[in-house]
Amino acid sequence: MASGGKVLVYGGKGALGTIVVNYFKSRNWWVLSVDLCPNEDANANAIISKTTDWKEQETEVRSKVEEVLQDQKLDALLCVAGGWAGGNASSKEFVKNCDTMMKQCVWSSAIAAGLATSHLKEGGLLQLTGAKAALDGGTPGMMGYGMAKAAVHQFVKSLAMEGSGLPSNAATVGICPITLDTPNNRKWMKDADFSTWTSMDYVAELLFKWSSGQDRPQSGALVQLITKNSNTTLEIA
């Protein structure tokens, strides 16, 4: 394995995950990607094929990660998997969208936490991905999204408490962006003010610092990423 640290990136082939994998690799860290498709730049991959049953997916991912890691421990486990779906309670696709958001945001967070109980070092970092919109009150135009992200926020708080099952002195931190500057977001929101969107490179650098023990927030923190005029600041919710 690489001489730096060891990190698992859950969602390592997504827009943000790809940037995170490449950033950690550039810092000589060994990287394991977990996703539906392989990330060729990662040192190893655990590919998810079970997508309809939560328990089956957890069993598959846990088995594949154990096969790769064996007795190796991780310095950090970063869950940057997720997605977005709109719609209110009257939308024809309401329940379908809620189901998609639960699978993309909640399933991934829960499976990542389960992996952390077995494979994270003492004092390591577990990071989950929430959303600022779900901190600010209701999300009537994207109810499934808000519901799933609110669950992730509560999960971060629970994991930070004594008796959570995580290794000793491990920290659980949630990032809560507004809008990430991804190619897909630019495609569908061409007229938006991109100066208020958070750079994925910034997020990757931030997660690297926290994984390395630098400026890491207190466990249980929900860290809002506030970007104005292309400058991002951090605010604890």
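This report walks through the chain from its overall build to a few single residues.

## Before you start

What you see is a predicted model, where local features need pLDDT of at least 70 and side-chain atom pairs count only at pLDDT 80 or more, while totals for chains, interfaces and linings use all residues. Residues are numbered from 1 along each chain as its sequence is written, and side-chain values use heavy atoms, with hydrogens and water left out.

## The overall build

Let's begin with the parts list. The chain has 6 helices and 8 strands; helices (H or I, at least four residues) and strands (E, at least two) are DSSP runs, numbered from the N terminus. Read from the N terminus, the order is β-α-β-β-α-β-α-β-α-β-α-α-β-β.

How does the radius of gyration agree with that of a compact globule? A compact globule of 237 residues would come out near 18 Å, and the chain has 17 Å, so the two agree. That radius is taken over C-alpha atoms, and the globule rule is 2.2 Å times the number of residues to the power 0.38. Along the principal axes, the C-alpha atoms fill a box of roughly 50 × 40 × 40 Å.

## Inside and outside

Of the 237 residues, 47% are buried. Here buried means under 20% relative accessible area, exposed means over 50%, and partly exposed lies in between (1.4 Å probe, protein chains only). The accessible surface is about 11200 Å², and carbon and sulfur atoms account for 50% of that. These areas come from the Shrake-Rupley method with a 1.4 Å probe; for residues, only the protein chains shown count as cover.

Contacts (heavy atoms within 4.5 Å) often link distant stretches of sequence: among those between residues at least 6 apart, 65% join residues at least 24 apart.

## Strand β4 and its partners

Strand β4 covers residues 74–79, and 6 of its 6 residues are buried. On one hand, β4 runs parallel to strand β1 (residues 6–10), joined by 4 bridges. L8 has L77 of β4 as its bridge partner. β4 also pairs in the parallel sense with strand β5 (residues 120–129), again over 4 bridges, and there L74 has L120 of β5 as its partner. For strands to pair, DSSP must find at least two bridges between them.

## A closer look at L125

L125 is found in strand β5. Is this residue buried or exposed? L125 counts as buried because its relative accessibility is 0%. Leaving aside residues up to four places away in sequence, L125 touches D75, A76, L77 and L78, as well as L120, A171, V173, L207, W210, S211 and R216. T18, by contrast, lies 19 Å from L125, C-alpha to C-alpha, with their positions 107 residues apart in sequence.

## Three loop residues

Most residues other than glycine have a negative phi, and most peptide bonds are trans. N169 has a positive phi near 65°. N169 sits in the loop between α4 (143–159) and β6 (171–177), and counts as exposed because its relative accessibility is 67%. D215 also has a positive phi, about 55°, without being a glycine. The place of D215 is the loop between α6 (200–211) and β7 (222–228), and with a relative accessible area of 61%, D215 is exposed.

Q72 sits in the loop between α2 (54–69) and β4. With a relative accessible area of 31%, Q72 is partly exposed. Q72 and L206 are 134 residues apart in sequence and 24 Å apart in space, C-alpha to C-alpha.
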